[in-house]
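Thanks for making time this morning; I would like to walk through one model with you, beginning with a few backbone details and then moving on to the ligand. Please have the sequence and the structure open while I talk.

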Amino acid sequence: MSDAADATTPRADLVARLRTQGITDGRVLDAVGRVPRERFVATGDESRAHDDTALAIGRGQTISSPWIVAASIDALQVGPDARVLEVGTGSGYAAAVLAKCVGEVVTVERDAVLAEDARDLLRDLSPGVRVLTGDGVTAGAGFGPFDGIVVTAMAYREIPPELIEQLAPGGSLVCPVGDDRSGSLVRYRDGETVDLAPVSFVPLVRGTDG
Ligand code: SAH
């Protein structure tokens, strides 16, 4: 059985839309076309899974919009063998898309309940992904250095320096940076940062609960 999106599915429509929204990397578009996003949304939201919006996944968190996921991975510009860290597993959707684009994915979630649910789902859909529970700014360090780092929660005013230290030479990091829930999606590489787009995200929270 093929997991490729055919011409009539919401997933294929989504891929076509992402193309018109400026996503050009064929590996990213192909990956979005192969990951069943409806499995990562809350029960009852399946029919909205491919809409251009973030959706609540419980625990006060969201699954990012498809465009944000695709744009963040597209902006990383890493090769197919890259080792990538994701900070903020949430539903696990972005990790599943990443895993189809790169060689190795380590993802970290600070909320133990979300981490457990994502671990179960990814074990089934994307078995190579390593899901850690903890503060993603530091918890994945032992698996680095990383060719790419994607942060999926809003860092307060600056990219956490501890994450920059986990980059391999020439590696790139994509992170939303802002004051509260709104800010800019920023790419860092070789000491330079570039603003990519205005975005809104849930906040990056340091440490873990309890
Ligand atoms: N990539 C996710 C988006 C999840 S929203 C997806 O595809 O569904 C961001 C997630 O980051 C939330 O689940 C939140 O609990 C988590 N988070 C916030 N701060 C964190 C931190 N310091 N370390 C790890 N996870 C964090």
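G191 lies in the loop between β9, residues 182-189, and β10, residues 192-200, and since the model we are looking at is a predicted one, everything I say about this loop is computed from predicted coordinates. Is G191 buried or exposed? G191 counts as exposed because its relative accessible area is 55%, and exposed is the word used here for anything over 50%. If you look for G170, you will find that 21 residues separate it from G191 along the sequence, while the two C-alpha atoms are 9.4 Å apart in space.

D190 is found in that loop between β9 and β10 as well, and D190 is exposed too, with a relative accessible area of 59%. What is phi at D190? The angle is near 50°, which is a positive value in a residue other than glycine.

There are other backbone details of this kind to point out. R59, placed in the loop between β1, residues 55-58, and β2, has a phi near 60°, again positive and again in a residue other than glycine. Q77, the residue that follows α3, has a positive phi near 50°. As for α3 itself, which spans residues 66-76, this helix is mostly covered, with 10 of its 11 residues buried; among the buried ones are P66, I68, V69 and L76. Finally, G144 and P145 are joined by a cis peptide bond, with omega at about 0°, and P145 belongs to the loop between β5, residues 130-133, and β6, residues 146-151.

Let me turn to the ligand. The ligand sits in the largest pocket, and the elements that contribute two or more residues to the shell around the ligand are β2 (61-63), β3 (83-87), α4 (93-99) and β4 (104-109). Which of these gives the largest share? That is β2, with three residues. In terms of character, the shell divides into 11 nonpolar, 10 polar and four charged residues.

Of the 25 residues around the ligand, the ones that come nearest are E86, S91, E109, G136 and V205. For those of you who think in terms of polar contacts, E86 places a polar side-chain atom 2.9 Å from a nitrogen atom of the ligand. A polar backbone atom of R110 is 3.2 Å from a ligand nitrogen atom, and A94 has a backbone N or O atom 3.2 Å from an oxygen atom of the ligand. The protein covers 99% of the 590 Å² of accessible area that the ligand has on its own.

I would like to finish with S91, which is one of the residues that come nearest to the ligand and which is found in the loop between β3 and α4. Is S91 buried or exposed? S91 is buried, because its relative accessible area is 11% and the cut-off for buried is under 20%. A polar atom of the S91 side chain lies 3.1 Å from the backbone nitrogen of Y93. By way of contrast in position, R17 is 74 residues from S91 in sequence, and their C-alpha atoms are 22 Å apart in space.

Note on methods
Residues are numbered from 1 along each chain as its sequence is written. This is a predicted model: local features need pLDDT of at least 70, side-chain atom pairs count only at pLDDT 80 or more; totals for chains, interfaces and linings use all residues. Side-chain values use heavy atoms; hydrogens and water are left out. A residue is near a molecule or strand if one of its heavy atoms lies within 4 Å of it. A polar contact is a pair of N or O atoms within 3.5 Å; within protein, one must be able to donate a hydrogen and the other to accept it, and residues adjacent in sequence count only if both atoms are side-chain atoms. Accessible areas come from the Shrake-Rupley method with a 1.4 Å probe; for residues, only the protein chains shown count as cover. On a 1 Å grid over the protein atoms alone, a cavity is a set of points where a 1.4 Å probe fits but cannot get out, and a pocket is an open set with protein on both sides within 12 Å along at least five of seven lines; lining residues have an atom within 4 Å of a point. A molecule sits in a cavity or pocket if more than half of its atoms lie within 2 Å of its grid points. Helices (H or I, at least four residues) and strands (E, at least two) are DSSP runs, numbered from the N terminus. Ala, Val, Leu, Ile, Met, Phe, Trp, Tyr, Cys and Pro count as nonpolar, Asp, Glu, Lys and Arg as charged, and the others, Gly among them, as polar. Buried means under 20% relative accessible area, exposed over 50%, partly exposed in between (1.4 Å probe, protein chains only).
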